[in-house]
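Subject: Structure for your files

Hello,

Here is the structure I said I would pass on. My notes on the core and on two helix pairs follow it.

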Amino acid sequence: MRLVLEKRTERSHAIALISPMIAIGLTIVTMTILFAILGKNPLLALQAYFIAPLTDGYSLQEIAVKATPLVMIAIGLSLCYLANAWNIGAEGQFLVGAVAGSWIAVKTQGTDAGAWVLPAMFVLAAAAGALYALIPAICKVRFGASEILTSLMLVYVADLLLDYLVRGPWRDPNGFNFPTTADFDPVATVPLLIEGGRLHLGSIIALLVVAAAAILLGRTIKGFEIRVVGAAPRAARFGGFNANQLIILTFAVSGALAGLAGIIEVAGPIGHLQPGISPGYGFTAIIVAFLGRLNPLGILIAGLFLALTFIGGEQAQIAMKIPLDVTKVFQGILLFYVLACDSLILYRFKLVFPNRQVARGAG
Amino acid sequence: MELVEAIILSVLSASTPLLIAATGELVTERSGVLNLGVEGMMIVGAACGFAGAWLTGSIFIGALFGIIAGMLMSLIFALMALGLAVNQVATGLALTIFGIGLSGLIGAGFVGERIAPAIHLYIPGLTDIPLIGRVLFGQDAFVYFSIALIIAVWWFLYRTRAGLILRACGDNHVSAHALGYPVLRIRTFAVMFGGACAGLAGAYLPLAYTPFFVPGMTAGRGWIALALVVFSSWRPGRLVVGAYLFGAVTILQLHAQGWGVGIPSQFMSALPYLATIIVLVLLSRARTGGSTAPAALGTVFVPDR
């Protein structure tokens, strides 16, 4: 018996819509088995992971807060992936954006600077993220160096840069030697949407980004070009679309969004710059982009779902002592299933039994 | 002189995991498969290798655990990328994300534990020769194994019929298939070999490099191994040069910190990653007259029956 793939003559649109759902279902089945192996009651664990965070207002806000960077980064990545450009260094662009934006916050600390501080931080962070993403893009376009490897190497470099700054020049002198900057001034902080809550302006920005991406991809020539270059490079060449230019553009946009997400995270929920500002947002956003089928609205839903797994993972750790790494295992398994189910869109799976194959050959 | 000897010894030690992992990936890529999950397979190999050695007290069994773990991980990749024809880049990334989580889960119980690291060879007389004695005859078994491995791979690829068929699959899977070679099966074996090597390379870290396990201890070595394969232009000989060059950069960085060079340690630590980028750019630039990569690298192949 062996599995054989048969190419569909047409992409299956029905499966394209339900495949993420199948993937989530399969992931939950797999997780149930994993919980049982870990010696935890699977039902209680699933409840802690997926139901408990939805039952109180605080957790719901936390989900929105966690989804904000994921959605923003994933929207940018989806543009790259649609254009067949493999930016997988969003984590580094996120960190560099956080560092660049924090520079203004650190320099204006205690100076009674005006309301210009936060917008300036946003602009600088987006610019820095874009420039950082342009390094692999230009290396790719000019020299043909693999953007996958170069963008990833830059993640480690950004991590070390952040580490250097908060341990060295930007360290809070009153911080008891902890590697962190002082808490940002109120003018350098992202405003909250609910008094005393956790939800902040960044979530609105993320929604705007989703809307902008939907318009770009659905209603503009540039969006069309991006999709054609990715889906049919030959047709794009005949159409006179410049693939290299699109690599540069999508990388820059994606870097800018990751950088913006970085400063929003630091100037919002965290409030100061320190190592470990990202629990792997840049990598999880890759899963968000694929789970959302590289579609802006899909990414919004996928981002909320993966945020749920982060919050659920924390709750499961507190309530049931389930290790936090289970969340990463979960996310990895989810990505496997998403990709496997995507294969159903292009192919029909058939199990072939050798004896029957002979029979068919004879007939 | 002792310092020079110490540096050479540590360079060999730092290069070995890169060389082993890159050798595996070289074979995988030569068969036409781009497995970006090396980092994930390595890190699971590190956790399983340490677990195996800690539980049994044997470095050899630890290494075996690492190899098996890497192979199992690569089987997931083979099932996805070869069986289900899923995009290889995305599958490789999934393997790395999954591997980092899994390694944390497996290794959680072992953080803070220590084992006796792999012993170094000592041959009375030979190892005592000044200058070259310890460098040539005083390494741990992994170092010799890695050199034997790359020689074996070179011989396999260029001197055997099976190696020729494997390269044919990597250069033109349609023709290889038309000639009746089982492309997907050959690629599956190549991917599993890559997985075994990555697992062993990961296991080397807690078994011989440091005597303990830390989450995330591969620190991007899997990705550097991938870059090394590009650096080598998919040739075993250049791979050895590349691996030792990168091992040297890693060690230079460590020693510079020790010598009290007035540069912040983080900048020195960034050196191997920056070196990787520079090497990739220089090489890709030098190779203007067509790429030397296997022609079918990273492409999906679904045989029509």
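B:Trp223 has contacts in both chains: in chain A it touches A:Ile88, A:Ile148, A:Leu149, A:Leu152, A:Met153 and A:Tyr156, and in chain B it touches B:Leu36, B:Glu39, B:Leu93 and B:Thr96. That list leaves out residues up to four places away in sequence. Please keep in mind that this is a predicted model.

B:Trp223 also belongs to the largest nonpolar core, which has 215 residues. It is among those with the most contacts inside that core, together with A:Ile73, A:Tyr81, A:Met121, A:Leu273, A:Phe290 and B:Phe142.

B:Phe142 turns up again in the first helix pair, H1(B) (residues 2-30) and H6(B) (residues 141-159). Their axes come within 9 Å and cross at roughly 20°. The angle is under 35 degrees, so the two helices count as roughly parallel. The crossing is left-handed. H1(B) contributes B:Thr16, B:Leu19, B:Ile20, B:Thr23, B:Leu26, B:Val27 and B:Arg30, while the residues from H6(B) include B:Phe142, B:Ser146 and B:Tyr158. By class, this contact has 11 nonpolar, 3 polar and 1 charged residues.

The second pair is in chain A: H4(A) (residues 90-107) and H11(A) (residues 281-291) have axes that come within 7 Å and cross at roughly 130°. That angle makes H4(A) oblique to H11(A). The crossing is right-handed. A:Ala90, A:Glu91 and A:Phe94 of H4(A) meet A:Tyr281, A:Gly282 and A:Phe283 of H11(A). Here the classes are 4 nonpolar, 1 polar and 1 charged.

Regards

Technical notes: Residues are numbered from 1 along each chain as its sequence is written. Chains are lettered from A and ligands numbered from 1 in the order in which they are written. This is a predicted model: local features need pLDDT of at least 70, side-chain atom pairs count only at pLDDT 80 or more; totals for chains, interfaces and linings use all residues. Side-chain values use heavy atoms; hydrogens and water are left out. A nonpolar core is a set of buried Ala, Val, Leu, Ile, Met, Phe, Trp, Tyr and Cys residues joined through side-chain atoms within 4.5 Å. Buried means under 20% relative accessible area, exposed over 50%, partly exposed in between (1.4 Å probe, protein chains only). Contact means heavy atoms within 4.5 Å. Axes are lines fitted to C-alpha atoms, for helices over the stretch in contact, and angles run from 0 to 180 degrees between N-to-C directions. Helices (H or I, at least four residues) and strands (E, at least two) are DSSP runs, numbered from the N terminus. Angles under 35 degrees count as roughly parallel, over 145 as roughly antiparallel, 65 to 115 as roughly perpendicular and the rest as oblique. A crossing is left-handed if the near helix is turned anticlockwise from the far one by less than a right angle, and right-handed if clockwise. Ala, Val, Leu, Ile, Met, Phe, Trp, Tyr, Cys and Pro count as nonpolar, Asp, Glu, Lys and Arg as charged, and the others, Gly among them, as polar.
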